[in-house]
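Got a new structure open and not sure where to look? Let's go through it together, one question at a time.

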Amino acid sequence: MQFHHNGYVSGEPRVLPAAGSGIDRPTELPDEMDVLIVGSGPAGMLLAAQMSRFPSVVTRMIERRDGRLVLGQADGIQPRSVETFQAFGFGPHIIAEAYNIGWMNYWTPDPDNRDNIIRTTRQADYAKDISEFPHLIVNQARVLDYFAEAARRGPARITPDYGIEFVGLTVHKTGEYPVEVQVRYVAGPREGEERTVRAKYVGGADGARSDVREAIGRKHIGNFAAHAWGVMDVTVETDFPDWRTKCAINAEAGNILHIPREGGYLSRVYVDLGEVPENDHHHVRSTPLEKIVEKANEILHPYTIEVKQAAWYSVYEVGHRVTDKFDDVDVDADHAPHVFLMGDACHTHSAKAGQGMNVSMQDGFNLGWKLGLVLTGRSPEALLSTYSAERQPVAQELIDFDRQWSSLMARKPEEIDDPQELADFYLATSEFPSGFMTQYSPSMITSGSAHQQLAAGFPLGKRFKSAEVVQVCDGNVTHLGHQHQADGRWRIYAFADRPGQGEASALGDWAQWMQTSPDSPVVRYTPAGVDEDAVFDVKVVYQQPFEQIDVTAAPDVFRPRCGRLQLRNWERVFAAGEGIDIFDERQISRDGAVVVVRPDQYVAAVVPLAATDELAAFFAQHMLDAH
């Protein structure tokens, strides 16, 4: 990470200087604010962490609980989420305390004694082949803690306003703060008091029974499957040999999905409680813990578990529902939305695919930078309409995947022709649950594929898949994408053509245009009086070995002046190294290419170095001239 550009830093460099709304931040919820976040779950807390990087925007978060979440129900962390944690600055920290899923084992009835189970398949986890980031298990409460820390350490110093619940809202057609919100204090000295506040935008992250969703008239579409599962976080004594390995267990008595938890002792166990009668009226949800443990022992036979402590347990019926739209305006409306739904407020499904928290966080990531750019005057309000347009199809894909996965998990042994089928499905579809299948359609912020062949390894609309490069200034090998902080900036990667430094090249012409032309996005959209890289983080990757590149000879656009001291940034110039060639790994044309990446790490455009008009036209669709 970089610091000292504003002067010597002797303390924790991840605590950024307070600015704007973070200076003398009011303790009480103000009467007016730019953004009000309702709910401090994964989507809401990530949104707060993102908005903390926009200190000129007044953002507040209300949460009905009187304090932090102590025990979360979600625990699976997919590689895409770990990649997101890296962008928010705490990836290595959470990896260190999490359980790393290295393998998944499959158990089925013993052909010689079908009352017993035997291990039939041992399979390496998909994360090893898909990403440099691992597949983790960690308490949802810790994920929220880390995002809360990022929000608190950001310039806006955002912290939740606990003990305040959402009551209702009205969206007015006019006014600077058009969303009128009713709230009620449910804890503390003001308990029972109701008041009205106003906001420009509201983010509803208040769970599956979302009151924000009800307030804007959106509906959950879908239903519950006639199947129930018990889930428990337990510490046990057991003779089951795979207790510290993730397992899918299919037995005559039912099914178990077993997932070890962080810390070395705790495990999460999903126990198949079977079909639910049509007239059950959700009575199955009152199944006691003892019955769930008893059922688990039936399935695990000849092995047993003795539960020493249950940190938490619940019973749920599998449900698959998606809200009809993720904001408060109809598709054909001629005005921008002001209320947005995220996470369980707009999509619910089973927990066994490990997707709920992961997809919810990407909702918050998608929305946050868009609100930040609109509210800081960098982008038009029309940008906000892309949130629902992009995230609703992703949620539907999740529901479709989860319905198939849940059905496979709930089968009876006699319904299984091939014991390897579940393992094969898990591996074959691994890119989806890992979080890497999301691909946004062309829009004002994602271009068409006319030049995709110039960088085939960076598919348009998909997240920027990092690769190793050599940082020229010090010769260190680093991942290009790991420097992508969640700071609301666009990334522009220039991959050089063949000529070396000092020779005429398409890169040299492009860099000159980027630095000086009035049509250049850097020139046109960067306000006066801020750092040269305040809006765009522009990097170059040369084809030559790093020893042949002189940082001081690189064009100025790749060496911006930063901070109060206006120091040159030396860490934007990279090279393909010996045996580490990003041009080959990501199929980048040796004639060079420009790859544009959105603030949420998704590839937005690929153009030739000579296509400066196309690059200018792309940004003109969704950015406003600087003043």
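Q: In which loop is Pro302 found?
A: This is a predicted model, so everything here is read from computed atoms. Helix H7 covers 289-300 and strand S16 covers 305-323. Pro302 is found in the loop between H7 and S16.

Q: What is omega for the peptide bond that joins His301 and Pro302?
A: Most peptide bonds are trans. The bond that joins His301 and Pro302 is cis. Its omega is about 20 degrees.

Q: Where is Arg157, and what is its phi?
A: Arg157 has its place in the loop between H5 and strand S8 (160-162). Most residues other than glycine have a negative phi. Arg157 is a residue other than glycine with a positive phi, near 55 degrees.

Q: How many helices and strands does the protein chain have, and how does its radius of gyration fit the globule rule?
A: The secondary structure comes to 14 helices and 27 strands. For 627 residues the globule rule gives 25 Å, and the chain is close to that, so it is as compact as a globular protein of that length. The radius of gyration of the chain is 26 Å.

Q: What box do the C-alpha atoms of the protein chain fill?
A: Picture the box taken along the principal axes. The C-alpha atoms fill roughly 75 × 60 × 50 Å.

Q: Are H1 and H8 roughly parallel or roughly antiparallel?
A: Two packed helices are described by the angle between their axes and the distance between the axes. For helix H1 (residues 42-51) and helix H8 (residues 356-375), the axes come within 7 Å and cross at roughly 30 degrees. Angles under 35 degrees count as roughly parallel. H1 and H8 are therefore roughly parallel.

Q: Which hand does the crossing of H1 and H8 have, and how do the residues of the contact divide?
A: H1 passes H8 in a right-handed crossing. The contact includes Leu46 and Leu47 of H1, along with Phe365 and Trp369 of H8. The residues of this contact divide into 11 nonpolar, five polar and no charged.

Q: Are H1 and H5 roughly parallel or roughly antiparallel?
A: The axes of H1 and helix H5 (residues 140-153) come within 8 Å. They cross at roughly 20 degrees, and angles under 35 degrees count as roughly parallel. H1 and H5 are therefore roughly parallel.

Q: Is the crossing of H1 and H5 left-handed or right-handed, and how do the residues of the contact divide?
A: The crossing of H1 and H5 is left-handed. Among the residues making the contact are Met45 and Ala49 of H1, and Leu144 and Phe147 of H5. They divide into 10 nonpolar, one polar and no charged.

Q: In the open sheet of three strands, which strands stand at the edges?
A: The order is S3-S7-S4, and the pairing is antiparallel. Each edge strand has a single partner strand, so one side of each is left without a neighbour in the sheet. The strands at the edges are S3 (76-77) and S4 (99-100).

Q: Which residue of S7 stands opposite Ile77?
A: S3 and strand S7 (residues 136-137) pair in the antiparallel sense over two bridges. Opposite Ile77 in S7 stands Leu136.

Q: What is the bridge partner of Asn105 in S6?
A: Strand S5 (residues 103-110) and strand S6 (residues 113-124) pair in the antiparallel sense over eight bridges. A hairpin of two residues joins S5 to S6. In S6, the bridge partner of Asn105 is Arg122.

Q: Which strands stand at the edges of the sheet of seven strands, and what is the average twist?
A: This open sheet has the order S20-S19-S25-S22-S21-S26-S27, with mixed pairing. Strand S20 (477-479) and strand S27 (603-607) stand at the edges, each with a single partner strand. From one strand to the next, the twist averages 30 degrees.

Q: Which residue in S22 stands opposite Ala494?
A: Strand S21 (residues 490-495) and strand S22 (residues 536-542) pair in the parallel sense over six bridges. Opposite Ala494 in S22 stands Val540.

Q: Which strands does helix H14 touch?
A: Helix H14 (residues 612-620) packs on the sheet, and its direction makes about 155 degrees with that of S27. The strands H14 touches are S21, S22, S26 (593-597) and S27.

Key: Residues are numbered from 1 along each chain as its sequence is written. This is a predicted model: local features need pLDDT of at least 70, side-chain atom pairs count only at pLDDT 80 or more; totals for chains, interfaces and linings use all residues. Side-chain values use heavy atoms; hydrogens and water are left out. Two strands pair if DSSP finds at least two bridges between them. Helices (H or I, at least four residues) and strands (E, at least two) are DSSP runs, numbered from the N terminus. Axes are lines fitted to C-alpha atoms, for helices over the stretch in contact, and angles run from 0 to 180 degrees between N-to-C directions. Angles under 35 degrees count as roughly parallel, over 145 as roughly antiparallel, 65 to 115 as roughly perpendicular and the rest as oblique. A crossing is left-handed if the near helix is turned anticlockwise from the far one by less than a right angle, and right-handed if clockwise. Contact means heavy atoms within 4.5 Å. Ala, Val, Leu, Ile, Met, Phe, Trp, Tyr, Cys and Pro count as nonpolar, Asp, Glu, Lys and Arg as charged, and the others, Gly among them, as polar. The radius of gyration is taken over C-alpha atoms; the globule rule is 2.2 Å times the number of residues to the power 0.38.
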